[in-house]
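Student: Could you take me on a close look at a single part of this complex, and then show me how that part sits in its surroundings? I would enjoy one connected walk rather than a list.

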Amino acid sequence: MIKRISVLFLITCFFSSCVVVKEYEKVNINDPDMVLSEKKCDRNVTTMHSYREAAVGANGGKTGGGCGCN
Amino acid sequence: MNTLKYFLLICFSLTSLVSFTQQTQDSIQVYKKRVLETTEIDFLTSYYNQDGDNAAVSGGIGTEELTDFTGRFVVSIPLNDDDILIIDAGVSAYTSASSSNIDPFDGDFADPYQASSGASGSDLWANFTGNYSHSSDDRNDIWSAKFSVSSEYDYFSVGVGGSYTKLFNKKNTELSINANIFIDTWNAIYPRELRPFAEGGDGLDDELFKDNTITGNTNYNPNFSEFDNEGRNSYSLGFGFSQILHKNVQGSFALDFIQQQGLLSTPFQRVYFSDVADSFIDNFQLADDVEQLPDTRFRVAIGGRLNWYLNETFTLRTYYRYYYDDWGVTSHTASIEVPIKITDKFTLYPSYRFYNQTAADYFNPYEAALSTDEYYTSDYDLSEYSANQFGIGASYTDIFTKAHIWKFGIKSIDLKFYHYDRNTTFSSNIITAGIKFVMD
């Protein structure tokens, strides 16, 4: 598991050194729908998932605390 | 465990120290764009309902009917060019048929498939979170610290957290680390019929058994004791990495480690043993015990997002997460959302999400646990299942904020609906709405 994560991380770092998108080219990247997190109005949906499902984390949502549900 | 705690404490200390140091360095006056131009207010609300036939409160059978209404304000205030204070406060009011059956004997007829009229059938959850963030002059370093408090009738939680984000490669690459600690306390409530069997209780001489007739095994004598420790602590450490891969594509990875310790069982969730004769009052089976779960849990989640701006109309948003914990649960989550820009102001959000999980080692269906087991639960949220979620939403955005309420312009309005369906009897629906205001 740790090995796989390390390899994935190194590959991604390799990609990062190849691409540099300049500020004036980031019009599409800066579109609100391109944000790399959930929209605020989906927050209660993520909370509902954290109550009803065993899995939490890696999604910007709750990782514990605040409720006896998980 | 202790190593992780010490590591988190060191992370907090370093984050705080570096933050203060950076504030001094930032005193050199240079032109810079404000991190946040003006105060923004988000009002978020949702209405949620669920139903199913596997309530954990009644040992894996009975109604899971629940409705919840949540309202929340998130106020983002620019304190100066570099610093933002975010105040996040919300309340959630719910009514739950299964929770009402913590005491199913306060009505005319006890039945796990019927809600009781007891006070435990509704509750109010309130939460307050304050978040302070500071950005460096070149906006390549961001520090944040947060504090949270939340409370409901039988649960209280205090949390602190901090994060550090580093941008480099001309802001094409972002690395982040975050740590959170939650110190929680239960005010444990136990099933009504078990309370007389706690230390110092009256047993079968309790008025519950005088007012009601036990059927089935009339010699009801559960081996029950209250939990000694009502605290629950959660420690999380998270790492993030995001990368712009192309002028239309970007992705991210997140890796979270979570350690929990303390009372991880829910004190009012019943368990029925297969090797103990059944006792009833009316149609309601009397508990043999409450769920017993280990007092530690280590959880790991790794997730990735990939977003692709296909053209001026379509965007592709994808997400995948793998989850593992030492209770025997592994899980996969995958979702896709395709925002469709109908006009420059209106966007549609169709989405689909798939989720599955394996059962926890301690899960037993109704009446399947053994009294000789050390750990057991009949909480179907810890069972093996898969779930599909379908969603549709619409968004209105006006970057010029022409519509106003007092001094605030409406920047965007979001409305979404999701239907969630497990391959068991459980299903739920949620409607969420959000309005973003920007101060003039």
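Tutor: Happily; what follows starts from one residue, Gln357(B), and works outwards to the chain contacts, the cores and the strands.

Please keep in mind that this is a predicted model. The predictor gives the complex an ipTM of 0.87 and a pTM of 0.88. The average pLDDT of chain B is 91, with 92% of the residues scoring at least 70. Two stretches of chain B call for care: residues 7-12 have a pLDDT below 50, and beyond near neighbours in sequence they make eight contacts in the model. Residues 14-27 also fall below 50, with 16 contacts counted in that way. Where pLDDT is low, the predicted coordinates should not be read in detail.

Now to our residue. Gln357(B) belongs to strand β20, which covers residues 351-357 of chain B. Is Gln357(B) buried or exposed? Gln357(B) counts as buried because 22 C-beta neighbours lie inside 10 Å, and the cut-off for a buried residue is 20 or more. Leaving aside residues up to four places away in sequence, Gln357(B) touches residues of both chains: Glu53(A), Ala54(A) and Ala55(A) from chain A, and Val329(B), Ser331(B), Glu384(B) and Tyr385(B) from chain B. For a sense of scale, Asp111(B) is 246 residues from Gln357(B) in sequence and 30 Å from it in space, C-alpha to C-alpha.

Those chain A neighbours lead us to the contact between the chains. Here 38 residues of chain A are in contact with 68 residues of chain B. On the chain B side, the residues divide into 26 nonpolar, 29 polar and 13 charged.

Helix α2 of chain A, residues 43-52, is mostly covered, with eight of its 10 residues buried. Among the buried ones are Arg43(A), Val45(A), Met48(A), His49(A) and Arg52(A). Their cover includes four strands of chain B: β1 (40-51), β2 (66-78), β23 (408-422) and β24 (427-439).

The cores come next. In soluble globular proteins, nonpolar side chains tend to be buried together. The largest nonpolar core here has 38 residues, of which Val271(B), Val290(B), Ala301(B), Ala360(B) and Tyr362(B) touch the most other members. Strands β10 (249-262) and β15 (296-309) of chain B are the elements that give two or more residues to this core. Apart from it lies another core, of eight residues, and Met48(A) is one of them, along with Ala387(B), Tyr418(B) and Tyr420(B). Met48(A) is also one of the buried residues of α2(A). As for Tyr362(B), its contacts beyond four places in sequence are Leu293(B), Trp327(B), Tyr375(B), Tyr376(B) and Thr377(B).

Finally, let us look at some strand pairing elsewhere in chain B. Strands β4 (residues 122-135) and β5 (residues 141-152) of chain B pair in the antiparallel sense over 10 bridges, and Gly130(B) stands opposite Phe147(B). Five residues lie between these strands in their hairpin, where Arg139(B) takes a positive phi near 60°. β5(B) also pairs with β6 (residues 155-168) of chain B, antiparallel over 12 bridges. The hairpin from β5(B) to β6(B) passes through two residues, and Glu152(B) stands opposite Tyr155(B).

Terms used:
Residues numbered from 1 in each chain as written. Chains lettered and ligands numbered in written order. Predicted model: local features only at pLDDT ≥ 70, side-chain atom pairs only at ≥ 80, totals over all residues. Buried ≥ 20, exposed ≤ 12 C-beta atoms within 10 Å, placed from the backbone. Contact = placed C-beta atoms within 7 Å. Core = buried A, V, L, I, M, F, W, Y, C linked by C-beta atoms within 7 Å. Nonpolar A, V, L, I, M, F, W, Y, C, P; charged D, E, K, R; others polar. Pairing = 2+ DSSP bridges. pLDDT = per-residue confidence, 0-100.
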